[in-house]
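Q: Hi! I have a new model open on my screen and would like to walk through it with you. Could you keep the answers plain?

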Amino acid sequence: MKAWAQAPETQLSTSLPTPKKESKFQADWRLRMAGNDFQDDQSQSKYVDMRLDLRAKYTLTSSFYLDLQPSVRLVSGQSQTIDGADKMENKILLNQAAAHYNPIDSLRLSAGALSQRYLHSSLLIDDMAFPAARAMAIYNGSIVNTGLAVETAIPTSTSLSTNTKELEPTPSLNTATLLANVGNKDAFWKNRVGYFIYNNLPSAVAQQSLLLGNMQISNESDAKYAFINKFQGIEAYTELQLPVLTHLDLLAGAEYLHNDQVSSEDADASFYWGGGNIHMTKNMDWTLKAGYFSVAPEAAVAYFNSRGFETNRVGYAVETSFSFKKEGFKLGVQYKDAEVMYENPVQSREKFLTIKLETFYANI
């Protein structure tokens with residue numbers, strides 16, 4: 001579980017990296033291992049989570065390529081939970097599996113299982129892929145890059161199951177997002193603002209969300225649940241990295257989410273974080289971050305953001321890590337403390353501690 005949003009890949013350029021003439025295939029990989037300790041009044045878990053991430057690209061023509069990003073997850077330990085939102089199981093996940101087409105330099109068309117973190121914040125959706133189609137218009141300047149993306153997706157679980165039953169319509173998530181990036185890899189300011197609309201969310205999603213923080217859900221029978229309110233509104237994301245001293249970079253960011261279909265006290269979610277990246281030596285960086293979050297009960301669909309925040313939660317998160325550039329790995333610790341915003345029988349204060357080790361991506 002990650003307590004805050006990691007920097008999403010918001011590269012706006014449509015041009016492909018120039019591949020070697022003799023090879024149209026490019027791939028890299030990394031390993032991640034984390035020891036997790038989670039506890040609240042209803043559940044507790046202690047387990048080791050190991051993942052192998054792969055990023056592969058096959059260039060068919062100068063304007064058309066395939067993109068495959070699977071992860072293999074192996075878990076060992078013990079877990080007791082009433083909701084099973086992130087239950088321990090070995091499985092293969094898809095971070096992305098898509099085809100991309102650039103008919104002209106300023107336009108990208110994508111289809112497949114698309115990463116939702118590209119357009120959405122962690123307040124709305126966990127780091128997962130939905131079957132989707134996306135069109136994106138892009139302008140690349142010398143300093144400022146901007147883009148406008150529209151996407152229609154089918155909300156699913158990490159296994160790409162819609163959770164629909166017989167006669168239930170197919171759910172959808174429609175999005176329009178404006179992106180603007182300023183700077184380079186050392187000093188940058190990344191921004192996104194968009195509008196989202198969920199439609200036809202199935203009974204199984206409503207049932208699980210009732211256990212994860214959404215409170216306005218009707219129970220028509222033991223087998224049929226439904227959201228009382230719709231989920232649609234605006235979301236915004238900003239992230240800043242600014243060198244302020246020779247050995248210090250200032251880090252800051254914020255996320256905001258508003259569901260305009262419910263009353264204001266239940267509609268908003270926000271997350272603010274700041275920190276610094278200290279260049280201890282040429283080879284080692286020390287990063288520190290701290291953040292505060294508040295997620296109202298009806299701001300988001302709890303089933304889709306439960307591994308990061310859940311809804312009906314308020315709390316803080318801290319993280320520190322050391323990056324070893326020459327050796328190619330990062331070692332870090334994360335801690336999150338989340339209290340319940342409004343009392344209910346299925347939620348209580350939760351604490352989450354993670355010790356993690358991950359390698360940098362390396363070419364295959």
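A: Happy to, and we can take the overall build, the strands, the aromatic rings and a couple of serines in turn.

A: One thing to keep in mind is that this is a predicted model.

Q: Good to know. How many helices and strands does the chain have?

A: There are two helices and 19 strands. The radius of gyration is 20 Å, close to the 21 Å from the globule rule for 364 residues, so the chain is as compact as a globular protein of that length.

Q: And what box do the C-alpha atoms fill?

A: Roughly 60 × 45 × 40 Å, taken along the principal axes.

Q: What share of the residues is buried?

A: Buried residues are 46% of the 364 in the chain. As for contacts with a separation of 6 or more, 61% of them come from residues 24 or more positions apart.

Q: Let's look at strands. Which way do the side chains of β16 point?

A: They alternate along residues 313-324. Arg313, Gly315, Ala317, Glu319, Ser321 and Ser323 point to one face and are buried. Val314, Tyr316, Val318, Thr320, Phe322 and Phe324 point to the other face and are not buried.

Q: Why would they alternate like that?

A: In a regular strand the side chains alternate between the two faces of the sheet.

Q: OK, so which strands is β16 joined to?

A: Strand β15, residues 284-295, runs antiparallel to β16 and is joined to it by twelve bridges. Ser294 stands opposite Val314 of β16 there. Twelve bridges also join β16 to β17, residues 329-340, and that pair is antiparallel too.

Q: What sits between β16 and β17?

A: Four residues, and the two strands form a hairpin. Gly328 is in the turn and has a positive phi of about 80°.

Q: Which residue is the bridge partner of Phe324 in β17?

A: Phe329.

Q: Two Phe residues, nice. How many aromatic pairs are there in the whole structure?

A: The search finds twelve. Phe324 and Phe329 have ring centres 4.9 Å apart and planes at 25°, so that pair is stacked.

Q: How exposed is Phe329?

A: Its relative accessible area is 26%, so Phe329 counts as partly exposed.

Q: What about Phe196 and Tyr198, stacked or edge-to-face?

A: Edge-to-face, with 6.3 Å centre to centre and 75° between the planes. Both Phe196 and Tyr198 are buried.

Q: Which aromatic cluster do they belong to?

A: One formed by Phe130, Phe196, Tyr198, Tyr303 and Phe304.

Q: Which charged side chains sit over rings?

A: Arg192 is one of them, with its charged end over the ring of Tyr237, 4.4 Å from the centre. Lys289 lies over the face of Trp273, at 4.9 Å from the ring centre.

Q: Back to strands for a moment. Which way do the side chains of β18 point?

A: They alternate along residues 350-359. Glu350, Phe352, Thr354, Lys356 and Glu358 point to one face and are buried, while Lys351, Leu353, Ile355, Leu357 and Thr359 point to the other and are not.

Q: And which strands does β18 pair with?

A: β1, residues 25-39, pairs with β18 in the antiparallel sense over eight bridges, and Arg32 has Glu358 of β18 as its bridge partner. β17 is joined to β18 by ten bridges, also antiparallel, and Ala338 stands opposite Glu350 there.

Q: Switching to helices, which residues of α1 are buried?

A: In α1, residues 203-210, the buried ones are Ser203, Ala204, Val205, Ala206 and Ser209. Their cover includes β10, β11 and α2.

Q: Now the serines. Where is Ser110, and is it buried or exposed?

A: Ser110 is in strand β5, residues 107-115. Ser110 has a relative accessible area of 6%, so it is buried.

Q: What does the side chain of Ser110 make a polar contact with?

A: The side chain of His100, at 2.7 Å. Leaving out residues up to four places away in sequence, Ser110 touches Ala99, His100, Ala132, Ala133 and Arg134.

Q: Last one: where does Ser263 lie?

A: In the loop between β13 and β14. Ser263 is partly exposed, with a relative accessible area of 35%. The C-alpha atoms of Ser263 and Thr175 are separated by 22 Å, and the two residues are 88 apart along the chain.

Definitions and conventions. Residues numbered from 1 in each chain as written. Predicted model: local features only at pLDDT ≥ 70, side-chain atom pairs only at ≥ 80, totals over all residues. Heavy atoms only, no water. Phe/Tyr/Trp six-rings, centres within 6.5 Å; stacked < 30°, edge-to-face > 60°. Buried < 20%, exposed > 50% of the residue type's maximum accessible area, 1.4 Å probe, protein only. Lys NZ or Arg CZ within 6 Å of the ring centre and 35° of its normal. Pairing = 2+ DSSP bridges. Polar contact = N/O pair within 3.5 Å; in protein donor to acceptor, adjacent residues only side chain to side chain. Contact = heavy atoms within 4.5 Å. Rg over C-alpha atoms; globule rule 2.2 N^0.38 Å.
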